[in-house]
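Visitor: I am new to reading protein models. Could you walk me through this one and explain the terms as we go?

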Amino acid sequence: MTTLNCSGAFAPGVTLCRLMVVDSGGCGGIPGQSGGIRRKRDSRGSPDTGLTTALPPRVRGADIPHRPESFAAPLVQNPARRDVPNSSHAGNKQDRFGAGCAPARELTMLGMNILRAPAWAARLLAVVLMMALAACGGGGGGGGSDAGANGTPPPVPLGVTISGVAPAATVTGGSIKFTSAATGGTAPYTYQWAFGDGVTLGGAAAGAVVDHAFASASRYSVLLTVTDAAGKRAEASTFVVVESPDGLSVQAANAGVYSVGQPVTVWASSLSLTPVQFDWDFGDGRTAQGANPQLAYAAKGQYTISVVATYDNGIKRRASTTVNVSTDAPTLSISAPALVYLQNGAPVTVSPALEAGESVSLEVDGQAFASISPTYNYVSFKKTGTYEVKATRRNTTGATAVATFSVTVQEPTVPSGLTLSVSQTSVKPGEASASVYLSGNVTGDNTNPSNVVFDYRWDFGDGSPASTTYGGVIHTFPATGTYTVTLTVKNQYGLTSSATGTISVGPRQVLKQLAGESVSETRVDGPALQARFRSPNRLAFDAAGNLFIGDAGNSAVRKLTPQGVVSTVKLRYDNCGVWGDDTSAYLAPYDNGALDLFMTCGGLQRVSADGTLLNPTNWTTTPVGVDLAIGGVARAADGALAFAGSSVIRRLETDGTVTYLAGVLNAYAGNGADGQGIAATFNGTYSIGYDAAGALYVAESNRIRKVSANGTVTTVAGRVYNGLPYQTTDGQGAAADFTWIRDIAVAADGTVLVLQDDGKIRKITPAGLVSTLPVLSAGRLRAIAVAPDGTVVVADAYQNVIQRINADFSLTTIAGTPPAFARIDGAANAAAFWGTSGIAQGPSGAIYVADGMNHALRKISPSGQVTTLAVFSSNSVQIYGTTPYLRSIPRLGGVAVDDQENVYVADSFMNVIRKVAPDGTQSVLAGEEGTMGYANGPAAQARFYSPLGVAVDAARNVYVADFNHAIRKITPAGVVSTIAGIGGYPNFQDGTGNGAYFNFPSHLTAAPDGTVYVSDYGNARIRKITPAGVVTTIAGRANGSYCDVDGPLGANCAWAPMGLALDPVSGELYIAANYGVLRLRTDGWLEKVLASDNSRRTMPGWLPANLNTVEGVAVLSNGQLAMTSGNAVMVTAFQP
């Protein structure tokens, strides 16, 4: 068989062809059979060049098998025929020529044209060519023949095929089996495999069947070369696809943690192609197919779930995950109380108890409404009636258990049992003010939320309603009259109830002064010696000689000009604190008449010379840091302010920045070290001042230190502690000793004047020599300053004056009016008392006052004229042991008046009870003057121990509160006995007679029937003694000290009770106590009528006003109150 193979363009317009002649026994011969011609390959495995010819481009000859023997022959193209279509061929490199073949219809010969011929002509030409080859020996080279010598068929040519690839595709690392079949040639065969990944396999290790694993993903061309025993070779090839094993993962819901019986959801995810099949193994012997299988495990344990995913190309990927069945299946039992209130938390019981991470959700009719946690099991039900609730318990793995329970939810009702209470049904003479306390209370079942009220609406009947969230309110009625108060309360369901009450309001009351030295005019400006101060404690001069005064008791700063005029500096707050707290002002004058000052109330303030406040809004209470407690302020020459406090010195520069100078914050070193900056320590930093050279002097508790401009600290004089408290030693530098230093003043030359707390004034020269100035002061010196001309002034806080130290060291008052501290009779405020205590009103309307320090009995007539009724001897020296008394025991105690205007006075200093007749005649009713003791019997033989309280009943029995813990009685016949308590045995106990105990009883009062009320000072209680001697407690409580609480017995407090007064009309008891004047109502409720904050200034005005202190109290015939306070007598009065 002859075939023609055109392999491609040889040159422009020329096609290179090979002509192969194979003796195949005709056109339908099969290559490779006897008589066939084998195709030859060159050494590179490519078909040998063979017979070639050239055809024009339009000729598309078939691929012709050829023999090694070849030749070339020129063919002539017929240029007349060019429309012959191309031939077609199956593309097999061993196609047969004949039927089914498409020989060229257009031939050419290299370099020459021949006649284009039809197909039959081409076929004819091919026949001629084949005949020519046959004449040459069947196409063999040089006329040779492949036939055997005896005419046997030639051997079958060597051939090989790759008959199997399993699998045709896999993943890296997966093994592929290659199966081949070699035919023909001469056995045995040798195999050489090239897998396309750089790996070959040959020799004894290779065979017709091999396995190979590819290390990386790719498409690989695999070539097999087979060599037979004769050295003949044949080849076959195929390809395989190798993909990455990645891209498949298995995930389990719930983070892979489950409970027994809980559905486990797993799924496989493929990143690239979609698998066509999933095969699962659940690790417990069960398998399944599908993308998302579900299952549950019957026992706890860890299980490995694996899947094999098969893809459409045959690849299989594997993945696995582990699930932990760690928890038993949950169970649930649940119940609620038999009766539940709407929208009110009811406890729901869950069993077994919920553990951390578990919860129970509740639903009704498919709607969830609540959840229960391990820490909170209260549920608010939002529907009334009886119904079933579905509960679902969910444990930490999400496994659930379901149970149901029934609940009955009650319909809400209106608040029941509402009552309205008022502190008094009328405001009448003696009342504090028109302010009334009203309270509403729902008395119904408090377990029912319908009776829980947080919305109170008040209608006071005066056109000014109010709303509160609690049941109490204080209301001030605007005018006298009768008012109907209506209280409406609303519960959480919006349901309401109402209650009403009636109150009658009379005129309002004020506190005013009746007699004695003025208590209100303690801040008076004007000419220096007419001005008034209260507890001045700071002094500072400016360059022009103006003296600024810190008027602490008035919470003010005052200015004394060189011309002798006192004025008040306008501050940010005119009256700091409550009721005028004593407030110190640290002063730092600048220029002429201007001032910087610092007060805890109002902060840092700057006032110009004309009195204008320069920083009314831009101010701070911590000018140099919140960590520094300011104890001293001074102005430097450059205008900066130095602040001392908390053991450091800081500066506030003129640009507002804060700089550090010396010391260590809060390092109160016992031996404060000298040094620079933080190397220095202070034992406290208090009063400070600059000299003309710019050195800053600092007062510690017992030393004077000096700080230079660069922060170097040295000790000028004194020692931290000399081992002898309150020792004053003159000397050089550290050899000198100081007691507690209160203030310093620094002169321009560096001389330092030191004011000690004991009133002594020390002088330190610039050389450090300390001496004591022989200045004698009867008062309490609290401040010192040096004027530009060298004048030294001091502030006397006791006499409330400013004094100059003269050259002979005597003192001259230059501003202020000292208290009288005298007994001066006269009209109202022209009179003077000194230490008032007991007070009572007689049948004539006159008021009698015990003037303690003057040891006299004073009388105030109804017209306000003050006279001295009696002066008592006071030649005794009273000695007391330890007492709970907050102040010094007054020399005179209580006062009582009988129906004949005889006045009884408890003389605590002389230990007797005195009687003064209306004409002033005095006598000792019982006891012996100057003799302290405890004895009953005839009046002259009886002994008392600092008796403070005295009272008289309608039968003229006199009762005495003996400070020796007993209540004594003096009959009109002069016999003294003890009716309650045991002398010398302080304690607390109710009982009868000596079965009761008292603790330093201070005052008492008596009802006409002989019932006695006692201020049990040490026990902070009010006691009642019946005529039969039965003692009970009616106010106050244990641990009542430092307590200021209104209310009923058991809750109220009566700390440090003193004077008592009984209103004979209402039966109400008034008590002079530490926190003011209290009233004990007949219903047992104790309330404050007037305030008292102790040691601060008295503030007259609308009640509750404020009293400095209060010692005695009396109910006047008009229902008003009279009280003793300091050196004055105060009263309440109606005022429209």
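Guide: Happily! Of the 1136 residues in the chain, 50% are buried. This is a predicted model, in which local features need pLDDT of at least 70 and side-chain atom pairs count only at pLDDT 80 or more, while totals for chains, interfaces and linings use all residues. Residues are numbered from 1 along each chain as its sequence is written, and side-chain values use heavy atoms, with hydrogens and water left out.

Visitor: Why is Arg1023 called buried?

Guide: Buried means under 20% relative accessible area, exposed means over 50%, and partly exposed lies in between, using a 1.4 Å probe and protein chains only. Arg1023 has a relative accessible area of 0%, so the residue counts as buried.

Visitor: Where does Arg1023 sit, and what does the residue touch?

Guide: Arg1023 belongs to strand E81. Strands (E, at least two residues) and helices (H or I, at least four) are DSSP runs, numbered from the N terminus. Contact means heavy atoms within 4.5 Å. Leaving out residues up to four places away in sequence, Arg1023 touches a list of residues including Phe988, Tyr997, Val1012, Tyr1013 and Thr1033.

Visitor: What makes the link between the side chains of Arg1023 and Thr1033 a polar contact?

Guide: A polar contact is a pair of N or O atoms within 3.5 Å; within protein, one must be able to donate a hydrogen and the other to accept it, and residues adjacent in sequence count only if both atoms are side-chain atoms. The two side chains are joined at 3.3 Å, so the distance fits the limit of 3.5 Å.

Visitor: How do you know that E80 and E81 are paired?

Guide: Two strands pair if DSSP finds at least two bridges between them. Strand E80 (residues 1012-1016) and strand E81 (residues 1021-1025) run antiparallel and are joined by five bridges, so they meet the rule of at least two. In one of these bridges, Val1012 has Ile1025 of E81 as its partner.

Visitor: Which sheet do these strands belong to?

Guide: Five strands form an open sheet with antiparallel pairing, in the order E78-E82-E81-E80-E79. Strand E78 (991-992) and strand E79 (1001-1006) are at the edges: each has a single partner strand, so one side of each lacks a neighbour in the sheet.

Visitor: What makes E37 and E87 a pair?

Guide: Two bridges join E37 to strand E87 (residues 1101-1102), and the strands run antiparallel; the rule asks for at least two bridges, so they count as a pair. Leu511 is the bridge partner of Gly1101 in E87. Strand E37 (residues 508-516) is also joined to strand E90 (residues 1128-1135), by eight bridges in the antiparallel sense. There, Gly516 is partnered with Ala1128.

Visitor: What can you tell me about the hairpin of E32 and E33?

Guide: Strand E32 pairs with strand E33 (residues 466-468) in the antiparallel sense over three bridges, and Tyr456 stands opposite Thr468. Six residues lie between the strands of the hairpin, where Gly461 takes a positive phi near 80°. E32 (residues 453-459) also pairs with strand E35 (residues 481-491), antiparallel over six bridges.

Visitor: Why is the link of Cys1043 and Cys1053 called a disulfide?

Guide: A disulfide is a pair of cysteine sulfur atoms within 2.5 Å. The sulfur atoms of Cys1043 and Cys1053 are 1.6 Å apart, so the pair qualifies. The structure holds one disulfide. The link is right-handed, with 55° about the S-S bond. Cys1043 counts as buried because its relative accessibility is 9%, and Cys1053 is buried too, at 4%.

Visitor: What makes a group of residues a nonpolar core?

Guide: The members are buried Ala, Val, Leu, Ile, Met, Phe, Trp, Tyr and Cys residues joined through side-chain atoms within 4.5 Å. The largest such core has 25 residues, and Ile334, Val360, Leu362, Ile372 and Phe381 have the most contacts inside it. Among the elements giving two or more residues to this core are strand E24 (359-364) and strand E28 (400-410). E28 provides the largest share, five residues. A second, separate core has 24 residues, including Ala169 and Leu248.

Visitor: How many helices and strands does the chain have?

Guide: The chain has one helix and 90 strands.
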